[in-house]
Each structure stands twice: as C-alpha cells, then as structure tokens.
Amino acid sequence: MNWGINMKKTLAIIPVSRFSQAKTRLSPTLSPLERENLLKSMLTDVITAIKNNVDDIVVISSDKDVLNFVNDLDVTCLPEEGETDLNGALTQAVEWCSQKASQVLIVPSDVPLIHPDQVQEMVELSQKWPMVIAPAKGGGTNALLCPTKDVQMKFGDWSFFEHLKEAENAGVPWYIYDSFYLSLDVNTAEDLGEIMMHGFGTETRKFLKSIGLVVRSNHGTERLRVERK
Ligand SMILES: Nc1nc2c(ncn2[C@@H]2O[C@H](COP(=O)(O)OP(=O)(O)OP(=O)(O)O)[C@@H](O)[C@H]2O)c(=O)[nH]1
Ligand SMILES: C[C@H](OP(=O)(O)O)C(=O)O
C-alpha cells in the first residue's frame, strides 16, 4: 500500500548564471558585489526549502565560483558544457538526471520565498499529475516539475504559457500550482520591496536588511520602492 510515499524519484535542478552577471536588471539598485551576495542568499533559501523534499539537488552553472559556493551546501554540482543559454543548460541537466530519476523539479535560483511545504505538495501532486507548474508574476515559470522525457525547456519570455503549450503538444497532463510566494522571482527593485515585506526569516531578507535597504510605499506605477537607510 502506498501510504502517500512518492515512489517516483525526483531530482531538483537549480540553474545559476555567473555571479559576475547575476541579476543585471537590478544594476540600477545594487552594486555588482551586492548582486552577487543577493544571488548567494537567494540560492541558500531555495536549496534549504527543497533539500529534504527531493532525492537530490543538482545545481548547473558555467561559473566555477557558483559551483564552489554550492558545493559546501551538499548538492550535486554540474558544470555547464559549451557556450549555451538557460534552456541549453537545463536540457543538459535534465538529460543528466534522466539516468537517475523519472522526473525533475526545476526551480530558478531567484525564488527565495519558496517554502518546504510547497515543494512537498508539488511532489505529492506529481503522483497524479505528470507536470506541476508554478507561474511567475510576470508570466514566467518559477517551478516546473515534469518528466525527464517529452517536455522541452521553454524558459524565457511568457514561459508559463509556453510550457503549458509544450505539455499539451506532448500529451502530458498538467496541474497549475499557483501561489503568491512561489510567484515572486526577484528581478526588479519592487521585488526587493516584496522580499522586505514578505520574506521574514529568509537569508535573502537578512542580506537586504544588512545593506540598509528599507521598503517604502510608493503611489506611482509601482506600489513599493526601496531606499537605503
Ligand atoms: N546555468 C545557467 N543558469 C542561468 C542562465 N541564465 C539564467 N540562469 C538562471 O536562471 C534563472 C532565471 O534567470 P533570470 O531571471 O533571467 O536571472 P538572471 O539572468 O540572473 O537575471 P537578469 O540578468 O536580470 O535577466 C536564475 O536562476 C539564473 O541564475 C544560463 O545561461 N545558465
Ligand atoms: C527565466 C524566465 O524568468 P524571467 O526572465 O521571466 O524573470 C522564466 O521564468 O522563464
């Protein structure tokens, strides 16, 4: 009798760009070193949330400093082969995982409000739904649990809908796992404000606080703005 234990092996994949090129959309707000340290704190939050709910975590990056950083966090480090892009790196990681597991959970490194209970719930849902997808605020994809075969990586603009189309074409039933916390990927100064408001207890909020960032209400196109204390 399967007492709700997921018999399918699940490997998590976290793609990470180079520390030196991290979060370029935040360059008006954060210095290069602050962006690197922001990425490190977000990565720590994501790994902590996923860790005990999957069989292993694979971090793929072309940056050896990234791989050295996560090596201390007890994950599998996968160097990116050749000059590729995000989908190329993910395709490589899915291929590597396909020899060890039947499904993967892809989570970008910039979703620091992800919670362990959400990871557990997505893995449980995968017993009934081969694809479980969490939309990002801007129409991207912030978590994609899918088989290691049949589903092409379509990360980029409007990727949530691109992945649904991909699943339809491949005849893979999908479940939309919609959650405010999981929908927040950090790309803009307003997103930093959301972390200051909703990220209590995360390493990411601790880091933003440590550099003197404070959140303020903003009655303009964006509802929040961040300032230095
Ligand atoms: N391994 C790998 N990861 C990538 C690559 N491009 C982006 N990522 C990661 O994929 C996730 C989502 O990417 P983006 O939201 O575009 O992050 P980003 O490229 O750092 O942000 P911007 O520079 O502002 O576009 C983040 O975890 C990135 O670190 C890539 O070429 N290779
Ligand atoms: C990688 C991409 O993130 P965005 O560039 O939309 O933040 C996506 O979610 O597919």
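A polar contact is a pair of N or O atoms within 3.5 Å. The model examined here is predicted. Two ligands are described in turn, together with the pocket that holds them.

Ligand 2 offers a clear case of such contacts. The side chain of R25 places an N or O atom 3.3 Å from an oxygen atom of ligand 2. This pair is a polar contact, because 3.3 Å falls within the 3.5 Å cut-off. D185 brings a polar side-chain atom to 3.1 Å from a ligand 2 oxygen. For S159, the distance from a polar side-chain atom to an oxygen of ligand 2 is 2.6 Å. On its own, ligand 2 has 300 Å² of accessible area, and the protein covers 78% of it.

The shell around ligand 2 consists of R25, L86, G140, T141, F155, G156, S159, D185 and N187. Two of these residues are nonpolar, five are polar and two are charged.

Ligand 1 is surrounded by 16 residues. The closest are P15, T24, R25, E80 and S109. R25 thus appears among the closest residues of ligand 1 and also in the shell of ligand 2. By class, the ligand 1 shell has six nonpolar, five polar and five charged residues. Strand β2 (56–61) and helix α3 (86–98) each contribute at least two residues to this shell.

Polar contacts to ligand 1 involve both backbone and side-chain atoms. P15 contributes a backbone N or O atom, which lies 2.8 Å from an oxygen atom of ligand 1. In E80, a side-chain N or O atom is 2.7 Å from a nitrogen atom of the ligand. D110 has a polar side-chain atom 3.1 Å from a ligand 1 oxygen. Taken alone, ligand 1 exposes 620 Å², and the protein buries 80% of that area.

Where do the ligands sit? Ligand 1 occupies the largest pocket. Ligand 2 sits in the largest pocket as well. The volume of this pocket is about 1000 Å³. Its lining comprises 40 residues. Nearest the pocket centre are K23, R25, L86, D110 and N187. Several of these names recur at the ligands. R25, L86 and N187 belong to the residues around ligand 2, and D110 makes a polar contact with ligand 1.

The elements that supply two or more residues to the pocket lining are α3 and β6 (141–147). The largest share, three residues, comes from α3. Helix α3 also gives at least two residues to the shell around ligand 1. By class, the pocket lining holds 13 nonpolar, 16 polar and 11 charged residues.

Terms used: Residues are numbered from 1 along each chain as its sequence is written. Chains are lettered from A and ligands numbered from 1 in the order in which they are written. This is a predicted model: local features need pLDDT of at least 70, side-chain atom pairs count only at pLDDT 80 or more; totals for chains, interfaces and linings use all residues. Side-chain values use heavy atoms; hydrogens and water are left out. A residue is near a molecule or strand if one of its heavy atoms lies within 4 Å of it. A polar contact is a pair of N or O atoms within 3.5 Å; within protein, one must be able to donate a hydrogen and the other to accept it, and residues adjacent in sequence count only if both atoms are side-chain atoms. Accessible areas come from the Shrake-Rupley method with a 1.4 Å probe; for residues, only the protein chains shown count as cover. On a 1 Å grid over the protein atoms alone, a cavity is a set of points where a 1.4 Å probe fits but cannot get out, and a pocket is an open set with protein on both sides within 12 Å along at least five of seven lines; lining residues have an atom within 4 Å of a point. A molecule sits in a cavity or pocket if more than half of its atoms lie within 2 Å of its grid points. Helices (H or I, at least four residues) and strands (E, at least two) are DSSP runs, numbered from the N terminus. Ala, Val, Leu, Ile, Met, Phe, Trp, Tyr, Cys and Pro count as nonpolar, Asp, Glu, Lys and Arg as charged, and the others, Gly among them, as polar. Grid points are joined across faces, edges and corners, and a volume is the space filled by probe spheres set on the points.
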